[in-house]
Amino acid sequence: MKSNNYVVIMAGGAGTRFWPMSRAEKPKQFLDILGTGKTLLRQTFERFLPEFAVENFFVVTNEAYGGLVKEQIPELTNNQILLEPSRKNTAPCIAYACYKIHELNPDAIIAVASSDHLILNEDKFKKTILKTVKSSTHKDALFTIGIMPSRPDTGYGYIQFEEDEKYPSDKSIFKVKTFTEKPELEMAKFFVQNGDFLWNSGIFVWSSKAIIDAFEKYQPEMAALFSEGKERYNTPDEKHLVEQAYHVCKNISVDYAIMEKANNVFVLGADFGWSDLGTWGSLYEHSQKSNEGNVISGKNVVLYDTQNCVVKVPKDKLVVLEGLYGYIVTESDNILLVCRKSEEQQIRQIVNDIKISKGEKFV
């Protein structure tokens, strides 16, 4: 019997904040950032197995990375690798995948996840996803996974839920009241103390019907672009349909486009050791540290009076550091970055400046 459960993995990001390790030709999702022997994309794929059938996986990525996806997940057919002609954020990405899947199976239940998340407790993750999938069956609600906050982090978005409005068939799922993008520290402290806020993981579960209805209601122009000629999905003419849609659709996240507008959004709070591995700081937080608080990757690193640093360099490179506290020191393809961890938000600007002054080859 054919399963109605599908997975969409979003893998088209540029990963700029992990520069210089993450580069335009091979962003972080295609790298073994954690030193596990597997790339982040491969780990994401395996995380959903065997509960989801391999033939029901779809990876959405930039057309420049199709070969990398095929190389790292050879189990997928070409029809399961969805190539975006340009980066237009998560709303077009999700619309493309969900309209395509809906044409294959109008009873589809779809889990959507990013390719670059860290999940420490994968058993808890699977139980959470399957519980939400069960709630999504034949329902018109949109579900998101919220993470129990462990600290007032300003790098994450927050979801406020309504304690007195629970999902009819599962009292551990709550109606979403508000979404808040990355707040200032004082506001983040208030959210954590208040008790009815969760981190926004960016992991979603819904039926293909529910998300298509939402696009038609809240983003009718985008819905028209991806539904026009819908019989062309899963045919050789799909590429032309998608190119036309991406040429004119707006650049917008699914949070702004759908989730913040819809009144049928529910959240399930979870705690499975989640992190959005978006920055060097997040890598530092979730890596094993020395007695001095250093995270070291490289066989020939010698440190003197150096604490709370991230040092990630090639294995054959001799690196000697003295007197550093709280720095990122990383080298990749003959590019050396030395940056205070507290200022890592500047890396995106640094990359833009390098692109202008030194050219594309360094980014």
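This passage describes the surroundings of two residues, L321 and Q160, in a predicted model.

L321 is located in strand β15, which covers residues 319-322. The relative accessibility of L321 is 12%, and L321 is therefore classed as buried, since the term applies to values under 20%. When neighbours within four places in sequence are set aside, the residues in contact with L321 are V302, L303, Y304, T306, V311 and V329. One of these contacts, V311, is separated from L321 by 10 residues in sequence. In space, the C-alpha atoms of L321 and V311 lie 9.5 Å apart.

Strand β15 also contains V320. Together with Y304 and L318, V320 forms a nonpolar patch on the surface. The combined accessible area of these residues is about 330 Å². Y304 thus has a place in two parts of this description: Y304 belongs to the surface patch, and Y304 is also among the residues in contact with the buried L321.

A second site is centred on Q160, a residue of strand β7, which spans residues 158-167. Q160 has a relative accessibility of 12% and on that basis counts as buried. Beyond its neighbours within four places in sequence, Q160 is in contact with K175, V176, K177, T178, D196 and F197. For D196, a specific interaction can be described: the side chains of Q160 and D196 are joined by a polar contact of 3.5 Å.

How values were computed: Residues are numbered from 1 along each chain as its sequence is written. This is a predicted model: local features need pLDDT of at least 70, side-chain atom pairs count only at pLDDT 80 or more; totals for chains, interfaces and linings use all residues. Side-chain values use heavy atoms; hydrogens and water are left out. Helices (H or I, at least four residues) and strands (E, at least two) are DSSP runs, numbered from the N terminus. Buried means under 20% relative accessible area, exposed over 50%, partly exposed in between (1.4 Å probe, protein chains only). Contact means heavy atoms within 4.5 Å. Patches are made of residues with over 30% relative accessible area and no salt bridge: like charges are joined within 9 Å, nonpolar side chains (Val, Leu, Ile, Met, Phe, Trp, Tyr) within 5 Å. Accessible areas come from the Shrake-Rupley method with a 1.4 Å probe; for residues, only the protein chains shown count as cover. A salt bridge is a side-chain nitrogen of Lys or Arg within 4 Å of a carboxyl oxygen of Asp or Glu. A polar contact is a pair of N or O atoms within 3.5 Å; within protein, one must be able to donate a hydrogen and the other to accept it, and residues adjacent in sequence count only if both atoms are side-chain atoms.
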